[in-house]
2 protein chains.
Amino acid sequence: MTASMKDVAALAAVSIGTVSNVLNNPQMVSPKTRDRVEQAIAQLGFIPNAPARQLRAGRSKVIGLVVPDIANPFFTEVARGVEDAAMEAGFVVILCNSDEQAAREDRYLRVLESQRVGAILITPARKGIKPLQRLIANGTAVALLDHEGGTRDACSVSVDDALGGQLAASHLIGLGHRSIAWLAGPPDIPQVADRQAGILRATEEHSVLLERIVAGQMTASAGDAAVDAALARGMTPSAMVCANDLLAIGAMRALMRAGMRIPQDVSIVGYDDIDFAASAAVPLTSVRQPKYELGFAAAQLVISEFEDRRAHAHQRVRFQPQIVVRESTGSVA
Amino acid sequence: MTASMKDVAALAAVSIGTVSNVLNNPQMVSPKTRDRVEQAIAQLGFIPNAPARQLRAGRSKVIGLVVPDIANPFFTEVARGVEDAAMEAGFVVILCNSDEQAAREDRYLRVLESQRVGAILITPARKGIKPLQRLIANGTAVALLDHEGGTRDACSVSVDDALGGQLAASHLIGLGHRSIAWLAGPPDIPQVADRQAGILRATEEHSVLLERIVAGQMTASAGDAAVDAALARGMTPSAMVCANDLLAIGAMRALMRAGMRIPQDVSIVGYDDIDFAASAAVPLTSVRQPKYELGFAAAQLVISEFEDRRAHAHQRVRFQPQIVVRESTGSVA
DNA sequence: ACGAGGTTTTGAGACGTTTCATTACTGGCC
DNA sequence: GGCCAGTAATGAAACGTCTCAAAACCTCGT
């Protein structure tokens with residue numbers, strides 16, 4: 001059905017080895033035969049059989065991308081970066097959603113091992129990377145995504161969440177706010193903890209009254225409810241930092257319902273700068289993470305490790321977030 | 001490095017063929033040897049070499065998913081559905097963003113052909129499916145995603161956009177609205193055209209004044225600008241249907257800026273029911289598409305074609321959208 | 001004890017590449 | 001004309017799996 005190198009060789013009256021050379025080492029075949037072979041390839045519409053190649057090579061130009069949930073806008077953007085870098089280098093991306101479940105993650109790692117993928121990019125569901133050690137030992141290039149490297153056996157790429165928290169708080173302090181509420185999410189999420197640390201760092205040098213509110217989930221309705229409750233018990237900050245944009249949206253709803261104007265009465269800073277932040281009723285000031293770049297860089301890292309394992313040194317790349325100021329924040333009244 | 005069937009065979013003192021049978025036809029191996037082999041497998045941590053399998057089989061349990069942009073929430077959800085169905089059947093998904101560019105699409109199709117993937121799910125960048133014919137002829141199971149089948153050579157899975165438009169308009173008509181604005185997007189987008197057709201269908205049986213506004217893009221700011229302009233030239237509908245939720249969000253902003261209340265002065269219906277619709281300043285009534293189900297069904301279709309090509313009959317599956325009523329629509333004053 | 005008939009197991013070949021040691025050419029030089 | 005040193009092209013082996021015809025092993029019944 002599909003043409004193979006054998007067919008090409010026959011048509012060009014040449015040996016299979018020569019066809020292989022035309023494909024992989026063109027410079028070592030004479031221009032005359034090269035032409036002949038290339039013509040045969042075109043005529044037959046020959047396309048190399050990747051699995052055969054992979055079998056021979058022992059591993060493939062495939063990147064396994066394991067994320068908690070591609071539907072999370074953060075990872076969606078990361079995936080785009082990964083894919084673009086991969087395509088550039090002739091790699092292909094296998095998408096794996098772990099749903100934060102160790103079982104699913106394990107299952108996927110098994111599949112990826114079976115596929116003998118050349119590289120894996122993963123945001124691990126659990127702390128350690130034990131299940132990865134075996135892959136690494138077998139020569140798979142691995143990098144940790146949005147996760148600080150707890151190991152010296154792999155690269156890691158992350159965003160400085162503490163800095164992000166600091167930026168958010170400093171922005172408000174610079175505007176004169178001295179009574180700030182921190183709308184946190186579940187404290188067992190490392191990103192939330194880091195952002196909080198950054199906020200503390202920024203506030204400790206100024207006499208700021210910092211109040212902490214905890215939402216049960218990172219959703220708009222959880223934010224709405226948490227702020228509602230806080231208002232009911234008399235909280236009256238002049239500004240608020242939220243652990244992510246969805247919480248911020250919920251917070252805005254609750255505040256507006258209570259008759260407060262944004263930013264005149266309360267300033268709000270979100271986190272993530274999701275697409276929607278700019279389109280909200282009051283465009284949201286937010287901390288943006290270089291998501292695409294994160295994915296792109298991570299992919300480049302594992303690709304370079306794949307290309308030349310000996311010349312590769314594992315590294316920890318840490319990106320810097322950036323605050324995007326919009327209309328939801330203003331000077332204190 | 002990695003154990004192969006040969007190693008397993010040696011350890012279990014059995015032939016390679018027997019190991020293969022334990023893996024693929026366990027029932028034709030005596031329990032005793034089967035045990036022995038399984039133990040050897042466990043002991044060596046043997047994981048089958050997928051590329052070798054694929055080489056032998058001629059094609060692989062891989063689904064190539066080609067979409068315009070995974071960052072588009074619609075396709076993100078579709079992808080989740082595809083992935084879940086794939087995983088269930090032991091398939092793996094290769095992610096390909098075409099960016100609506102024919103060149104990128106072609107390139108990916110070439111790569112997928114090279115990988116000898118067993119199935120392809122695609123939202124084609126251009127009208128025809130010429131570049132796919134070759135794949136289909138070679139026995140790849142192909143299905144068109146969110147695209148009506150213009151061919152009898154492949155399955156297709158889509159959502160009835162005309163029905164969606166009709167649902168939106170009927171909802172408003174049912175609330176008593178007789179002066180409705182249709183905020184369209186670029187008319188060369190088929191989905192926009194279909195939704196419009198549905199709106200026309202719904203309105204023609206009632207004496208409704210339908211005004212059409214065209215936004216240059218499907219974004220919040222384009223919607224804001226278009227509605228701004230329409231208001232300036234004196235448009236005063238009591239309700240509005242928008243080609244998607246982002247346009248609706250933009251429209252709401254423009255209307256509120258002009259001092260109108262939603263839904264008291266103007267009712268708004270969006271389309272897509274993106275996550276954010278429920279969290280907007282005024283929660284948005286919107287038309288929801290079964291995105292996850294779309295992807296899941298499409299994947300199942302190609303998987304079944306892969307499993308048994310002869311028993312497979314190509315089909316066109318068409319899903320029905322659903323209107324989700326929230327606070328942005330109300331009875332006419 | 002033998003053979004028929006059934007159940008297990010074996011072994012070789014093929015899938016499409018790449019690699020690498022050989023062999024076959026080429027032109028230049030004495 | 002014969003030889004040398006390159007340069008080009010060849011052919012066989014190997015990667016890990018599956019398949020299928022053939023061989024080996026049982027279990028009965030006679």
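1. Start at DNA strand C. A polar side-chain atom of A:Arg56 lies 3.0 Å from a base oxygen of that strand. A polar contact here is a pair of N or O atoms within 3.5 Å; within protein, one must be able to donate a hydrogen and the other to accept it, and residues adjacent in sequence count only if both atoms are side-chain atoms. Two further polar side-chain atoms face phosphate oxygens of DNA strand C: that of A:Ser20 at 3.1 Å, and that of B:Thr18 at 2.8 Å.

2. A word on the model and its conventions. This is a predicted model, in which local features need pLDDT of at least 70, side-chain atom pairs count only at pLDDT 80 or more, and totals for chains, interfaces and linings use all residues. Residues are numbered from 1 along each chain as its sequence is written, chains are lettered from A and ligands numbered from 1 in the order in which they are written, and side-chain values use heavy atoms, with hydrogens and water left out.

3. Now the surroundings of DNA strand C. It has 19 residues around it, and the closest are A:Met5, A:Phe46, B:Ser15, B:Thr18 and B:Thr33. A residue is near a strand if one of its heavy atoms lies within 4 Å of it. Of the atoms of DNA strand C that come within 4 Å of the protein, 72% belong to sugar and phosphate.

4. What classes of residue make up the surface near DNA strand C? Eight are nonpolar, eight polar and three charged. In this scheme Ala, Val, Leu, Ile, Met, Phe, Trp, Tyr, Cys and Pro count as nonpolar, Asp, Glu, Lys and Arg as charged, and the others, Gly among them, as polar.

5. Next, DNA strand D. It is surrounded by 18 residues, and A:Ser15, A:Thr18, A:Thr33, B:Met5 and B:Arg53 come nearest. Here sugar and phosphate supply 78% of the strand atoms that come within 4 Å of the protein. By class, the surface near DNA strand D holds seven nonpolar, eight polar and three charged residues.

6. Which elements each supply at least two residues of the surface near DNA strand D? They are α4 of chain A, together with α2 (16-24) and α4 of chain B. The most comes from α4(B), with three residues. Helices (H or I, at least four residues) and strands (E, at least two) are DSSP runs, numbered from the N terminus.

7. Chain A makes polar contacts with phosphate oxygens of DNA strand D. The side chain of A:Thr18 places an N or O atom 2.8 Å from one. A polar side-chain atom of A:Thr33 lies 2.7 Å from a phosphate oxygen. A:Ser30 uses a backbone N or O atom, at 3.0 Å.

8. Look at B:Met28. It lies in the loop between α2 and α3 (31-44) of chain B. It counts as exposed, because its relative accessibility is 54%. The cut-offs are under 20% relative accessible area for buried, over 50% for exposed, and partly exposed in between (1.4 Å probe, protein chains only). B:Met28 and B:Thr18 are ten residues apart in sequence and 9.3 Å apart in space, C-alpha to C-alpha.

9. Helix α6 of chain B deserves two checks. B:Glu105 is found in this helix, which spans residues 102-114. Buried or exposed: which is B:Glu105? B:Glu105 is buried, with a relative accessible area of 2%. Beyond its neighbours within four places in sequence, its contacts (heavy atoms within 4.5 Å) are B:Ser98, B:Ile122, B:Thr123, B:Pro124, B:Ala125 and B:Arg126.

10. B:Ser114 lies in helix α6 of chain B as well. It is buried, at 16% relative accessible area. Leaving out residues up to four places away in sequence, B:Ser114 touches A:Ile47, A:Pro48, A:Asn49, A:Ala50 and A:Pro51.

11. Finally, the aromatic pairs. There are seven over all chains. One is A:Phe74 with A:Phe75, edge-to-face at 5.1 Å centre to centre and 90 degrees between the planes. Rings of Phe, Tyr and Trp (its six-membered ring) pair if their centres lie within 6.5 Å; planes under 30 degrees apart count as stacked, over 60 as edge-to-face and the rest as tilted. A:Phe74 is buried at 10% relative accessibility, and A:Phe75 is buried at 7%.

12. B:Phe91 and B:Phe306 also pair. Their ring centres are 5.2 Å apart and their planes stand at 85 degrees, so this pair is edge-to-face. B:Phe91 sits in the loop between α5 (73-88) and β2 (92-97) of chain B, and B:Phe306 in helix α12 (residues 291-307), so the pair ties together parts that are 215 residues apart in sequence. Both residues, B:Phe91 and B:Phe306, are buried.
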